[in-house]
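Thanks for coming. I have one structure to go through today, so let me put it up.

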Amino acid sequence: MKARIYKSTGSWYSLKLENGQFCQARIKGVIKLDAITSTNPIAVGDWVECAMEEDAEQAVMIHQILERDNYVARQSPHNKRQQHIIASNMDQSILLATLKSPKTSQGFIDRFLVSCEAFHIPAIIVFNKADLYGPEELERYAELKAMYEAVGYQVLLISIEQKIGLEPLDQLLKNKTTLVSGHSGVGKSSLINYLFPHLDLTTQEVSGWSGKGMHTTTFAQMYDYPGGGAVIDTPGMRELGLVNLAKEELAQYFPEMRARMDGCQFNNCQHINEPGCAVKAAVEKGLISEARFFSYVDLWHGIEDKKY
Ligand SMILES: Nc1nc2c(ncn2[C@@H]2O[C@H](COP(=O)(O)OP(=O)(O)O)[C@@H](O)[C@H]2O)c(=O)[nH]1
Ligand SMILES: [Mg+2]
Ligand SMILES: [Zn+2]
């Protein structure tokens, strides 16, 4: 049977079978997906092959993971060479941000966008708490919206509390698998509660096995969106990290730079202070936002030089 993983708490997995039934499952033997060395073999969002084992426990056993379209990972705190897969097979990722109480910095947004580019996940920026914005924040919002839309990202303004702008968000979520992230205080929990008001009615919880009391709140979890599709919540995750990103790759993950770097005089141009740099020329002409370029320079300096 094919199934999709909705929750993972270590040795047990909550999955949904093709017939829509949720159940608990375990891994049969050793499962390896080549190419990635990860601390966890199976992540939320994974598609797997499983079967009911007719032994004493009558457990559903996972035999195989199907190849992932994409995934997000963070570096294992124990081993720098290993990754921990947080979620997989996403159609898009939403960054929830705010311009007031608290303020999300542009650097934080750009780091998120770079991570999404590196993980091959289309990103959407959703500014929350519109009800708190005065003229100054609204002006800032217009500025950021214009800047990010020019690069190709979708930008929305909502208020979860005042139910403003939620219809376009609903349209975006329909029939897609969406990862939601954002730093603390932006309204992630409020959004999840709004989208899934019956969550505590344990619609997707399986009776007979309780993950309560374990560190469930820090695990990623997927919820079926009523209109079709699914939302992945990552309560413990502040931001998507830049795993194993090399300095030389960074410009590729700024779409507006990627589009122009073929015009640089040197093919290994880092767009920092090289002569004949098409990217810097575009910044000077106002074709690339100076603020975005500054984010690039900041991130570039923040990445450790490769040790050979
Ligand atoms: N004014 C206002 N407050 C909001 C809105 N959305 C969430 N909040 C508040 O912001 C605070 C943090 O929200 P929470 O959902 O816990 O954020 P999280 O840390 O990202 O999960 C809470 O006090 C919410 O009530 C909004 O649209 N407008
Ligand atoms: Mg929260
Ligand atoms: Zn260049």
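Before the first number, a definition: two residues are in contact here if their C-beta atoms, placed from the backbone, lie within 7 Å. With that in hand, among contacts in the protein chain between residues at least 6 apart in sequence, 65% join residues at least 24 apart. Please keep in mind that this is a predicted model.

The protein chain has 308 residues, and 32% of them are buried. Its secondary structure amounts to seven helices and 13 strands.

I'll start with the core. The largest nonpolar core holds 69 residues, and the members that touch the most others in it are Ala87, Leu95 and Ile232. Helix α1, residues 106–118, is the largest contributor to this core, giving five residues. As a general remark, nonpolar side chains in soluble globular proteins tend to be buried together.

Take Ile232 from that list. Which residues does Ile232 touch, leaving out those up to four places away in sequence? They are Val44, Gly45, Ala87, Met90, Thr177, Thr178, Leu179, Val180, Ala220 and Met222.

Now the strands in that region. β11 covers residues 177–181 and β13 covers 230–233. The two pair in the parallel sense, over four bridges, and Val180 stands opposite Asp233 in β13. On the pairing with β8, the sense is again parallel and there are four bridges; here Leu95 stands opposite Ser181 in β11. So β11 pairs with β8 and with β13. Is β11 enclosed or open to the outside? Four of its five residues are buried, so β11 is largely enclosed by the rest of the structure.

Next, helix α4, which spans residues 188–195. Its buried residues are Lys188, Leu191 and Leu195. Viewed down the axis of α4, the buried residues fall within an arc of 65°, so they line one face of the helix. What covers them? The cover includes β8, β11 and β13, the strands I have just described.

Helix α4 also brings us to the ligand. The shell around ligand 1 has 15 residues, and the closest are Glu161, Gly187, Lys188, Ser189 and Ser190. Which element gives the most to that shell? Helix α4 does, with three residues. By type, the shell residues divide into eight polar, four charged and three nonpolar. Lys188 therefore comes up twice: it is one of the buried residues of α4, and it is among the closest to ligand 1.

A second set of strands is worth a slide. β5, residues 60–65, runs parallel to β3, residues 22–27, and three bridges join them. Within that pairing, Ala25 has Val60 in β5 as its bridge partner. β5 runs antiparallel to β4, with five bridges between the two, and Glu49 stands opposite Gln64 in β5.

I'll finish with some loop residues that I would look at individually.

The peptide bond from Ser101 to Pro102 is cis, with omega near -5°. Pro102 is located in the loop between β8 and α1.

Two lysines have positive phi. Lys129, in the loop between β9 and α2, has phi near 70°, a positive value in a residue other than glycine. Lys163 has phi near 55°, also positive and also in a residue other than glycine, and its place is the loop between β10 and α3. Buried or exposed: which applies to Lys129? Lys129 is buried, because 25 other C-beta atoms lie within 10 Å, and the cut-off for buried is 20 or more. For Lys163 the count is 11, so Lys163 is exposed; the limit there is 12 or fewer.

The last residue is Leu287, in the loop between α6 and α7. Leu287 has 14 other C-beta atoms within 10 Å, so it is partly exposed. Its C-alpha atom is separated by 8.7 Å from that of Glu256, and the two residues are 31 apart along the chain.

That is what I have. If we return to one part in discussion, I suggest helix α4, with its buried face and its three residues in the shell around ligand 1.

Note on methods. Residues are numbered from 1 along each chain as its sequence is written. Chains are lettered from A and ligands numbered from 1 in the order in which they are written. This is a predicted model: local features need pLDDT of at least 70, side-chain atom pairs count only at pLDDT 80 or more; totals for chains, interfaces and linings use all residues. A residue is near a molecule or strand if its C-beta atom, placed from the backbone, lies within 6 Å of it. Ala, Val, Leu, Ile, Met, Phe, Trp, Tyr, Cys and Pro count as nonpolar, Asp, Glu, Lys and Arg as charged, and the others, Gly among them, as polar. Two strands pair if DSSP finds at least two bridges between them. A nonpolar core is a set of buried Ala, Val, Leu, Ile, Met, Phe, Trp, Tyr and Cys residues joined through C-beta atoms within 7 Å. The arc is that of the directions from the helix axis to the C-beta atoms.
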